[in-house]
Amino acid sequence: LSERRMVDKLITTYLNPIPKLAQHWKDGKVRFKYNQLGARTGRFTSGGVWKFYDNETPITIKGLNGQNLPAENHEIRLMFKADPGRVFVGGDISQQEPKITAHISQDENMIRVYEEGKDIYASIAQIIYHNNYEDNLEFKDKEEKEVYLEGKKRRKTGKTIILATMYGMGPCSVKNKLNKEIEDEQEFLSEDDAKEMLDTFYSQYTGVKKAIDYTIASCKKYGFVEDICGRKRRLPSIQLPPYQTVFTKEPSKEDMKAEKLLKTYLEHQEKLSKEELQELRDKANTNNIAIISNEEYIKKAERQSFNARIQGGAASLTKMIMVMVARDPLIKKLGGRMVFQIHDELILDCPIENAEKVKNRLQSIMERSSTAVEVVLPMKCDMTTETRWGESTMTSELRMTYQEHIDNEVENPLDKLCEEFC
């Protein structure tokens with residue numbers, strides 16, 4: 001059922017609308033509308049509406065959400081093709097948010113992992129599973145072409161754990177996310193298992209925990225946080241009192257006196273048990289007073305505070321890169337121009353004969369962007385040159401899936417591959 005819903009979403013969101021939208025431009029291309037103030041995290045949003053005219057009759061059509069193109073369904077990206085004589089040159093910043101986390105937290109162990117050239121996700125998996133570093137790699141050797149499935153799964157767990165810290169996920173959310181990748185219900189993780197993983201992470205990367213605690217405390221004091229580029233995000237909910245009182249009807253003098261006493265009492269209560277809160281509510285109700293708990297709003301703001309520094313910092317850094325690329329005289333001279341931006345990925349197109357030079361220049365700009373904001377770790381980019389967007393990833397995915405079928409002794413692995421992708 002979930003797979004059917006996913007396919008239905010792809011059809012209704014992309015496969016059907018893209019050709020219809022493209023026919024409204026003479027060159028047969030689709031455009032994206034970007035709003036750089038659309039998301040509170042600082043990331044771009046896209047979509048909006050386009051207005052066209054059909055025989056002087058205005059037509060309004062919903063635009064494509066370019067920021068929501070699914071990463072796991074590369075077939076959709078293959079619909080976007082470069083002009084004849086031109087190619088797409090793409091740069092995707094590798095592990096941008098974890099590196100910003102390392103910079104903000106100044107965690108010695110995390111910084112050391114990067115300085116030694118190790119994979120942070122595999123290093124986290126190593127401490128969680130108490131095994132060797134190599135046991136958590138997707139490929140056991142740099143020259144190895146065969147995917148190490150168990151290592152790939154463990155590495156993905158390590159990635160989920162660090163994402164949980166950056167996005168304020170608790171044990172329950174981590175458990176649900178990890179269990180989606182587990183086929184055998186008997187191997188499902190419990191909430192306690194997920195909590196143990198998070199605790200293990202924080203015990204090794206103590207600087208991250210300190211940075212989270214400091215961020216929450218600072219945000220409670222000032223009501224906002226700043227990312228690495230100085231962008232502020234205000235989170236007023238974090239400064240709410242744990243409990244508030246409101247009158248349910250016009251109060252009498254006695255009601256107002258009772259409310260004043262109740263307020264004084266609640267100001268000194270950070271956390272009441274369910275039983276204590278219910279008992280207090282019953283008593284307050286006799287004076288037409290309702291007690292409202294702000295715990296949910298406060299907890300949400302606490303989770304958002306650290307994420308605003310990490311995800312917001314990545315968004316600000318990406319926007320800064322886009323400005324640098326747009327202003328770069330060499331890219332202009334070589335005929336390069338930006339056509340897509342999606343999270344940590346930037347896609348240009350340029351003449352085929354200049355592809356290598358544009359790729360090298362784009363990589364240089366993206367990788368040295370961290371020095372502009374004095375991030376302690378250099379950024380690294382995965383670069384691609386393609387006639388269709390995502391074709392190199394698709395080729396890699398086909399190869400990996402085929403190898404998985406062989407490892408699992410699937411009958412007629414090539415036929416199975418065609419059934420899945422063709």
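**Close-ups of charged pairs and a nonpolar patch**

Valine 7 lies in helix H1, which covers residues 2–15. The views below come from a predicted model.

**View 1. A nonpolar patch on the surface that includes valine 7.** Here valine 7 sits in the company of Met6, Ile11, Leu15 and Met79. Taken together, these five side chains make a nonpolar surface patch with about 360 Å² of accessible area. How exposed is valine 7? Its relative accessible area is 37%, so valine 7 falls in the partly exposed class, which runs from 20% to 50%.

**View 2. Arginine 43 and glutamate 97 pair up.** Now for the charged side chains. Side chains of opposite charge can pair when their charged atoms come close. By the rule used here, the model has 20 salt bridges. One of them joins arginine 43 and glutamate 97, with N to O at 2.7 Å. This pair ties together distant parts of the chain, 54 residues apart: arginine 43 is in the loop between strand S1 (34–35) and strand S2 (45–46), while glutamate 97 belongs to helix H4 (residues 96–105). Are these two partners buried or exposed? Both arginine 43 and glutamate 97 are buried.

**View 3. A salt bridge within helix H9 links lysine 195 and aspartate 199.** The N to O distance for this pair is 2.9 Å. Lysine 195 and aspartate 199 are about one helical turn from each other, because they stand four residues apart in helix H9 (residues 191–204). Lysine 195 has a relative accessible area of 43%, which makes it partly exposed. Aspartate 199 is partly exposed as well, at 40%.

**View 4. Aspartate 349 meets arginine 337 across two strands.** Their side chains form a salt bridge with 2.7 Å from N to O. Aspartate 349 is in strand S11 (residues 345–351) and arginine 337 is in strand S10 (residues 337–342). The two residues are 12 apart, and the pair links distant parts of the chain. Which of the two counts as buried, and which as partly exposed? Aspartate 349 has just 3% relative accessibility, so it counts as buried, since the cut-off for that class is under 20%. Arginine 337 comes in at 39% and therefore counts as partly exposed. The pair also has company: through salt bridges that share partners, Arg337 and Asp349 belong to one network with Lys29, Asp83 and Arg86.

Key. Residues numbered from 1 in each chain as written. Predicted model: local features only at pLDDT ≥ 70, side-chain atom pairs only at ≥ 80, totals over all residues. Heavy atoms only, no water. Salt bridge = Lys/Arg side-chain N within 4 Å of Asp/Glu carboxyl O. Buried < 20%, exposed > 50% of the residue type's maximum accessible area, 1.4 Å probe, protein only. Patch = residues over 30% accessible without salt bridge, like charges linked within 9 Å, V, L, I, M, F, W, Y side chains within 5 Å. Areas by Shrake-Rupley, 256 points an atom, 1.4 Å probe, with all protein chains shown as cover.
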